[in-house]
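User: I would like to work through a protein structure step by step. Please show the sequence and the structure before we begin.

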Amino acid sequence: GLKMKCIMLATMAAAALLLNIEAFSLTHPMRGTRKLTQRFVSAPPNTNTGRPAGLSELEGYTAGAVIALTDVAVGVADNTLISKLSWDILPNQRWAIVGTNGCGKSTLLKAITGTATELIMDGTVKVKKGVRLGYLEQTAVSGAQTSVKDEVMSRMTEYQDALAELELAEAECTEGTDCELDRMDKAYAKFDEVGGYTVDARVSSVLGGLGFQTSDYDQPCDSFSGGWQMRIGLARLLLSEPELLILDEPTNHLDASARRWLGTYVGAYEGTVVLVSHDTEMLRAACNSIAEVRGGEVQLYKTMGYEKFLIERDERAQRALAEYAAMERERAAMQDFVDRMGAKASKATQAQDRIKKIQKLDEKMKLPSFVEAEGGKVHLSLADPPPCGQWPVALSSASFGYASVPMDGLLVPATDPSMCVIKEADLKIEKGKRYLIRGPNGAGKSTLLKALTGALPLAEGSRVEDDRLNLGFFAQDLAQELPQDTPAVKYVTDAVRRFDPTASDTVARTVMGSLGLRGEKATRPIGTLSGGEKARVAMATFCLTPHNVLLLDEPTNHLDQEAIRSLLDALSRYKGAVLVVSHDRPFCEAVQCTHVAYVAGGKIAVEERSLCDADWSETDQGHRQTLAPAPEEGSPEAEALRAKAVMVAEASRVAETEAAAAEEKARQEDLKAMTSSVRVVYQPEPEKEKKAVFEGAVPDFMKASVDVSKEKVHYSAEKVAADMAKLAKADAEQKLAKQKSKPLNKKAAKKLYEEFEGIEELVESLEMEATRLEQAVLDSKTIKPRPSFKELTDLATRANGARREADQKMERWMELEDLVETQRAAEAAAS
């Protein structure tokens, strides 16, 4: 009996075990297999986690903020860039830091991320303890020898940890015990929680958005150019999904399509974002709060998109200027009293009282730094091009490219024409012309520029240059290739002396100062300058070195809008040949090219025309390697390309026609403006924003106290006489028309005369009301108790409104005078 019981118990235990295993397989059909780990292969671990070494020093209590700054000052050496900054960055906020080159944006990022804590000169910076921070610097490059996919997945630590735990749980689940099954449950749940089942889709989405093709995923990182390695570093950072994402100029090296994708991605990011960028489209799409660095201080615009920020910034400036103008007028009134009454004994006490008030007012009369600072105007002028032949440089049946990348990361020129990115290219650069190079990413645009310089040997074909060729090349990474330990002014002086041995550092300092590199900035080591300032150092050598051909490869990278405007202004006056490779559409359109060269499929097609909308096709998103070979003549693909060429040519013709019509319309408007006034006041383009701020800042009657610089253009005496003759002729024709016009009927005439008789009194009353309100604005600064700023603003608004209404009625009065004169002349003629 005992033996039978043992056999029965053993049978029951085996059945229970079998049932447990079957239940495990039914409930978790993937468990007990290796299919999961075969589909999700872990990338080699990256020892560089991306977490700045100094971040732990900044971790501490932040009262719920991700980053808390209190009275912080940051700077380089003894130069304070930003001071008195108190700022709490809260979870899930998306902040953009904007400002001109060299104002301290990147320095602030390095300080608050712990990358360079020595830049913190005063105050306290606290970062939430344990926060997962991801930081992309301007010069971050991923040059690993691992594949692209492995590299971008290397910092997905949560996924890697969950996958490792799942693999271990699978390996150790041998008996199907409750403990093993529970561990498997937890491993699967964690794997699902970190998005393990969608990891391939996420990787493909990010890499595809940044312009990579599926065939690029298994390529080694160091086979890509510096710009593409920047994209790999950006993809790796985005896929690590940090709680705090910090990006410094992430759109550099990105084309328009990738920029739009990144803006949308960051705009929907589930975490906290701090972004530095000069790309306004990126700012519009990605951020919901703005921090502007100006005049050494940071103005915060919370919960405001970029458009609302622009409006609020102007309104803040208007309020500050209105208060300043009111104080200015108050001071002038008191000073006038002192000047007139100070010498009289009976008024001496009142005069002394006003002198004290003037002294106190002088202490307060200072515009806020964010209004006072103009952002450092940049003035750029290129050296006159030296003489050369009609065709300074040309390529004939040229094939060129790079064959491979050895272990040291240096690019090797291709010697086999079949391995070249560009094959049998013909390109002749004509003296004084402007060429825009378009085409997909990786098609060979930058490679073409290097072949034109002669720095890249040709695999076949020939490069011919004029004996007097002096070629200047501004590469997109040139600023990063400068000697980092050399003082900026020494580098510029040495570079210029290679062409002009007599050049002095005074000349270099003058040009650098015109580019905003003034004072001690000129003597700093280049490595301590911001990305934009480094670009200006490189640009300074361009200004001082005479070239008859300029090659510009993504010149707007790292430059703020002021520097870009200055570069365009200099190019508009430059008489040499210019070749531009750029994804910046407004910049390309402003260059006003004479030729468009399209690079694709290993070929170069050049057309003598301006840009058109078809040149910015969404299909030009491109990839790293060459496109498909050119189709055979007569094939459907060739016919499709021919049709596209016809469409592009037609679009260009339409664009030229519309441009000509717009130019003619503008000419007619200019002529009309000249005949309506003897003197025309012209407002230069860079001053528009400043003019708008000043003119909208204060009530109309106070604008005389605000000095706005204008450029006045006077016409010759002959021109004035001609204009006056036209006006006299028009006046005579108008009088004749009045005499020939028919009179109004009695009812309409009566209504006209009644309105005319009453409008003079109405205008007088409105003028008195406007004057009263304007005087009330002036008096409000001296009365006690002093009105609040809101009350003062409301009063100024009412004064402006009353003045506007009075002006409108005055215009109506003048109109009625003409109508009455016409009516009386018509009645007299009819009688």
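User: In what order do the four strands of the open sheet stand?

Analyst: The model is a predicted one. In it, four strands form an open sheet whose pairing is mixed. Read across the sheet, the order is E1-E5-E2-E3.

User: Which strands stand at the edges of this sheet, and why is one side of each left without a neighbour?

Analyst: A strand at an edge has a single partner strand, so one of its sides has no neighbour in the sheet. This applies to two strands, of which one covers residues 59–60. The edge strands are E1 and E3.

User: How many bridges join strand E2 to strand E5, and which residue of E5 is the bridge partner of Ala73?

Analyst: Strand E2 spans residues 67–76 and strand E5 spans residues 120–128. The two run antiparallel and are joined by six bridges. The bridge partner of Ala73 in E5 is Asp122.

User: At what angle to E2 does helix H4 run?

Analyst: Helix H4 comprises residues 105–112 and lies across E2, E3 and E5. Its angle to E2 is about 125 degrees.

User: Is Lys84 buried or exposed?

Analyst: Lys84 belongs to strand E3, residues 79–89. A residue counts as exposed over 50% relative accessibility. Lys84 has 63%, and therefore it is exposed.

User: What is the phi of Lys84, and what is that of Glu424?

Analyst: Most residues other than glycine have a negative phi. Glu424, in strand E14, is not a glycine, yet its phi is positive. Lys84 also has a positive phi without being a glycine. The values are near 55 degrees for Lys84 and about 50 degrees for Glu424.

Key:
Residues are numbered from 1 along each chain as its sequence is written. This is a predicted model: local features need pLDDT of at least 70, side-chain atom pairs count only at pLDDT 80 or more; totals for chains, interfaces and linings use all residues. Side-chain values use heavy atoms; hydrogens and water are left out. Buried means under 20% relative accessible area, exposed over 50%, partly exposed in between (1.4 Å probe, protein chains only). Two strands pair if DSSP finds at least two bridges between them. Contact means heavy atoms within 4.5 Å. Axes are lines fitted to C-alpha atoms, for helices over the stretch in contact, and angles run from 0 to 180 degrees between N-to-C directions.
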